[in-house]
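User: Please take a close look at the aromatic side chains in this structure and at what surrounds them. A connected account would be preferred.

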Amino acid sequence: GHEDDRFESLVSCALGVCALLSISDLVDDTSRERYIRIASDHVRRYWLDVLWVEDEGAFKFSETDFYSLNEDRFVVNFNTMAAEALLGLYDVTGDEAFQDKALRIGQWLIKRWNYTQIVNAEILEDHTTVADDPASDWMAPGGFSYQFTPNQEEPDNYVTLYIGLSLRGFYALYRATKDERFVDIIR
(Lines give C-alpha, C1' and ligand atoms only; values in the text may rest on other atoms or scores of the structure.)
Protein backbone atom coordinates (compact mmCIF):
# COMPACT_ATOMS: atom_id res chain seq x y z
CA GLY A 1 0.00 0.00 0.00
CA HIS A 2 3.03 2.37 0.10
CA GLU A 3 1.59 5.29 2.10
CA ASP A 4 -1.81 3.81 2.95
CA ASP A 5 -2.67 0.11 3.24
CA ARG A 6 -6.19 0.73 1.95
CA PHE A 7 -4.95 0.71 -1.63
CA GLU A 8 -2.26 -0.68 -3.89
CA SER A 9 -0.25 2.12 -5.44
CA LEU A 10 1.67 2.16 -8.69
CA VAL A 11 5.06 2.82 -7.11
CA SER A 12 4.77 -0.17 -4.78
CA CYS A 13 4.07 -2.32 -7.79
CA ALA A 14 6.80 -0.70 -9.90
CA LEU A 15 9.45 -1.25 -7.26
CA GLY A 16 8.36 -4.90 -7.01
CA VAL A 17 8.56 -5.39 -10.77
CA CYS A 18 12.01 -3.74 -10.87
CA ALA A 19 13.16 -6.01 -8.03
CA LEU A 20 11.97 -9.18 -9.80
CA LEU A 21 13.64 -8.13 -13.03
CA SER A 22 16.88 -7.15 -11.31
CA ILE A 23 17.35 -10.61 -9.83
CA SER A 24 15.98 -12.65 -12.74
CA ASP A 25 19.51 -13.30 -14.05
CA LEU A 26 20.59 -14.66 -10.64
CA VAL A 27 18.14 -17.56 -10.53
CA ASP A 28 17.59 -20.75 -12.51
CA ASP A 29 15.71 -20.64 -15.83
CA THR A 30 12.42 -21.86 -14.34
CA SER A 31 12.44 -19.14 -11.69
CA ARG A 32 13.53 -16.52 -14.23
CA GLU A 33 10.61 -17.36 -16.52
CA ARG A 34 8.24 -17.32 -13.54
CA TYR A 35 9.49 -13.90 -12.32
CA ILE A 36 9.14 -12.40 -15.79
CA ARG A 37 5.66 -13.92 -16.23
CA ILE A 38 4.49 -12.62 -12.84
CA ALA A 39 5.85 -9.13 -13.58
CA SER A 40 4.47 -8.91 -17.12
CA ASP A 41 1.05 -10.35 -16.19
CA HIS A 42 0.77 -7.88 -13.31
CA VAL A 43 1.68 -4.94 -15.53
CA ARG A 44 -0.76 -6.00 -18.23
CA ARG A 45 -3.69 -6.73 -15.91
CA TYR A 46 -3.30 -3.93 -13.38
CA TRP A 47 -1.20 -1.12 -14.85
CA LEU A 48 -2.28 -1.22 -18.48
CA ASP A 49 -5.88 -2.32 -17.92
CA VAL A 50 -6.67 -0.31 -14.77
CA LEU A 51 -4.18 2.51 -14.16
CA TRP A 52 -3.30 3.77 -17.66
CA VAL A 53 -5.07 7.02 -18.62
CA GLU A 54 -4.80 7.43 -22.36
CA ASP A 55 -5.69 11.13 -22.48
CA GLU A 56 -2.95 11.91 -19.95
CA GLY A 57 -0.34 9.55 -21.35
CA ALA A 58 0.56 8.40 -17.85
CA PHE A 59 -0.54 6.13 -15.03
CA LYS A 60 -2.84 7.36 -12.31
CA PHE A 61 -1.82 6.89 -8.68
CA SER A 62 -4.07 3.96 -7.87
CA GLU A 63 -7.40 2.39 -8.75
CA THR A 64 -8.87 3.95 -5.60
CA ASP A 65 -7.11 7.10 -4.45
CA PHE A 66 -8.25 8.21 -1.01
CA TYR A 67 -6.13 11.38 -1.36
CA SER A 68 -7.91 12.47 -4.54
CA LEU A 69 -11.40 10.99 -4.68
CA ASN A 70 -12.81 13.23 -7.41
CA GLU A 71 -10.11 13.14 -10.04
CA ASP A 72 -7.14 11.07 -11.13
CA ARG A 73 -3.78 12.01 -9.66
CA PHE A 74 -0.55 11.51 -11.59
CA VAL A 75 2.59 11.23 -9.46
CA VAL A 76 5.95 11.92 -11.10
CA ASN A 77 8.09 9.42 -9.21
CA PHE A 78 5.46 6.68 -9.60
CA ASN A 79 5.48 7.17 -13.36
CA THR A 80 9.28 7.29 -13.60
CA MET A 81 9.48 3.99 -11.70
CA ALA A 82 6.81 2.54 -13.99
CA ALA A 83 8.83 3.66 -17.03
CA GLU A 84 11.91 1.92 -15.65
CA ALA A 85 9.93 -1.28 -15.03
CA LEU A 86 8.27 -1.16 -18.46
CA LEU A 87 11.61 -0.72 -20.20
CA GLY A 88 13.01 -3.63 -18.18
CA LEU A 89 10.08 -5.79 -19.25
CA TYR A 90 10.58 -4.78 -22.86
CA ASP A 91 14.25 -5.81 -22.58
CA VAL A 92 13.38 -9.31 -21.36
CA THR A 93 10.21 -9.95 -23.38
CA GLY A 94 10.59 -7.90 -26.56
CA ASP A 95 6.94 -6.85 -26.15
CA GLU A 96 6.76 -3.41 -27.75
CA ALA A 97 3.60 -2.50 -25.81
CA PHE A 98 5.80 -2.12 -22.71
CA GLN A 99 8.28 0.10 -24.52
CA ASP A 100 5.53 2.18 -26.13
CA LYS A 101 3.92 3.01 -22.79
CA ALA A 102 7.30 3.85 -21.23
CA LEU A 103 8.05 6.26 -24.07
CA ARG A 104 4.62 7.86 -23.73
CA ILE A 105 5.33 8.39 -20.03
CA GLY A 106 8.67 9.92 -21.05
CA GLN A 107 6.87 12.46 -23.22
CA TRP A 108 4.43 13.23 -20.39
CA LEU A 109 7.38 13.78 -18.04
CA ILE A 110 9.15 16.09 -20.49
CA LYS A 111 5.97 18.13 -20.95
CA ARG A 112 5.51 18.43 -17.18
CA TRP A 113 9.20 19.23 -16.68
CA ASN A 114 9.16 22.02 -19.26
CA TYR A 115 6.13 23.63 -17.67
CA THR A 116 7.55 23.25 -14.16
CA GLN A 117 10.74 25.02 -15.21
CA ILE A 118 8.74 27.93 -16.64
CA VAL A 119 6.84 28.25 -13.35
CA ASN A 120 10.06 27.98 -11.31
CA ALA A 121 11.65 30.74 -13.39
CA GLU A 122 8.63 32.98 -12.83
CA ILE A 123 8.78 32.36 -9.08
CA LEU A 124 12.47 33.24 -9.01
CA GLU A 125 11.82 36.38 -11.03
CA ASP A 126 8.98 37.49 -8.74
CA HIS A 127 10.77 36.75 -5.46
CA THR A 128 14.23 38.22 -5.27
CA THR A 129 14.62 37.41 -1.57
CA VAL A 130 12.52 34.27 -1.59
CA ALA A 131 15.38 32.06 -0.35
CA ASP A 132 15.24 33.97 2.96
CA ASP A 133 11.55 33.15 3.47
CA PRO A 134 11.09 29.61 4.86
CA ALA A 135 7.34 29.80 4.14
CA SER A 136 8.00 30.44 0.48
CA ASP A 137 6.61 28.17 -2.23
CA TRP A 138 9.87 28.56 -4.13
CA MET A 139 11.88 25.53 -5.17
CA ALA A 140 15.48 25.68 -6.23
CA PRO A 141 16.01 25.45 -9.99
CA GLY A 142 15.74 21.81 -10.97
CA GLY A 143 12.83 21.08 -8.67
CA PHE A 144 10.05 18.88 -10.00
CA SER A 145 6.57 18.83 -8.53
CA TYR A 146 5.45 15.62 -6.83
CA GLN A 147 2.06 15.33 -8.54
CA PHE A 148 -0.44 16.74 -10.99
CA THR A 149 -4.16 16.35 -11.58
CA PRO A 150 -6.25 17.52 -14.52
CA ASN A 151 -7.44 20.47 -12.37
CA GLN A 152 -4.09 21.10 -10.64
CA GLU A 153 -1.43 21.48 -13.29
CA GLU A 154 0.54 24.11 -11.40
CA PRO A 155 3.63 22.57 -9.81
CA ASP A 156 3.48 22.31 -6.04
CA ASN A 157 4.55 20.00 -3.26
CA TYR A 158 8.20 19.52 -4.18
CA VAL A 159 9.60 16.52 -2.30
CA THR A 160 13.35 15.99 -2.69
CA LEU A 161 13.24 12.32 -1.67
CA TYR A 162 10.77 11.54 -4.45
CA ILE A 163 12.74 13.53 -6.98
CA GLY A 164 15.73 11.37 -6.06
CA LEU A 165 13.70 8.21 -6.65
CA SER A 166 12.62 9.63 -10.01
CA LEU A 167 16.21 9.79 -11.22
CA ARG A 168 16.19 6.01 -11.77
CA GLY A 169 13.36 6.29 -14.28
CA PHE A 170 14.81 9.31 -16.03
CA TYR A 171 18.08 7.42 -16.45
CA ALA A 172 16.25 4.35 -17.81
CA LEU A 173 14.42 6.58 -20.30
CA TYR A 174 17.69 8.18 -21.34
CA ARG A 175 19.37 4.79 -21.84
CA ALA A 176 16.44 3.63 -23.98
CA THR A 177 16.07 6.78 -26.09
CA LYS A 178 19.39 8.67 -25.92
CA ASP A 179 17.16 11.76 -25.63
CA GLU A 180 19.34 14.43 -24.02
CA ARG A 181 16.28 16.08 -22.46
CA PHE A 182 16.30 13.31 -19.85
CA VAL A 183 19.95 14.11 -19.10
CA ASP A 184 18.97 17.76 -18.67
CA ILE A 185 16.24 16.77 -16.19
CA ILE A 186 18.72 14.62 -14.25
CA ARG A 187 21.24 17.46 -14.12
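Over the face of which ring does Arg73 lie?

Analyst: In this predicted model, Arg73 lies over the face of Phe61, at 4.1 Å from the ring centre. A second arginine is placed in a comparable manner: Arg112 lies over the face of Phe148, 4.5 Å from the centre of that ring.

Phe148 also takes part in ring pairing. The count of aromatic pairs comes to eight. Among them, Trp108 and Phe148 are arranged edge-to-face, with 6.3 Å centre to centre and 90° between the planes. Because Trp108 belongs to helix α4 and Phe148 to strand β4, this pair ties together parts that are 40 residues apart in sequence. Both partners are buried: Trp108 has a relative accessibility of 4%, and Phe148 has a relative accessible area of 1%.

The rings of Phe144 and Phe170 have centres 6.0 Å apart and planes at 15°, so this pair is stacked. It links distant parts of the chain, since Phe144 lies in the loop between α4 and β4 and Phe170 in helix α5 (residues 160-177), 26 residues apart. Phe144 and Phe170 are buried. Elsewhere, ring pairs join Trp47, Trp52 and Phe59 into a cluster.

The loop between α4 (96-126) and β4 (147-148) also holds Tyr146, which counts as buried at 6% relative accessibility. The C-alpha atoms of Tyr146 and Val75 are 5.9 Å apart in space, although the two residues are 71 apart in sequence.

Notes
Residues numbered from 1 in each chain as written. Predicted model: local features only at pLDDT ≥ 70, side-chain atom pairs only at ≥ 80, totals over all residues. Heavy atoms only, no water. Helix = DSSP H or I, 4+ residues; strand = E, 2+ residues; numbered from the N terminus. Buried < 20%, exposed > 50% of the residue type's maximum accessible area, 1.4 Å probe, protein only. Phe/Tyr/Trp six-rings, centres within 6.5 Å; stacked < 30°, edge-to-face > 60°. Lys NZ or Arg CZ within 6 Å of the ring centre and 35° of its normal.
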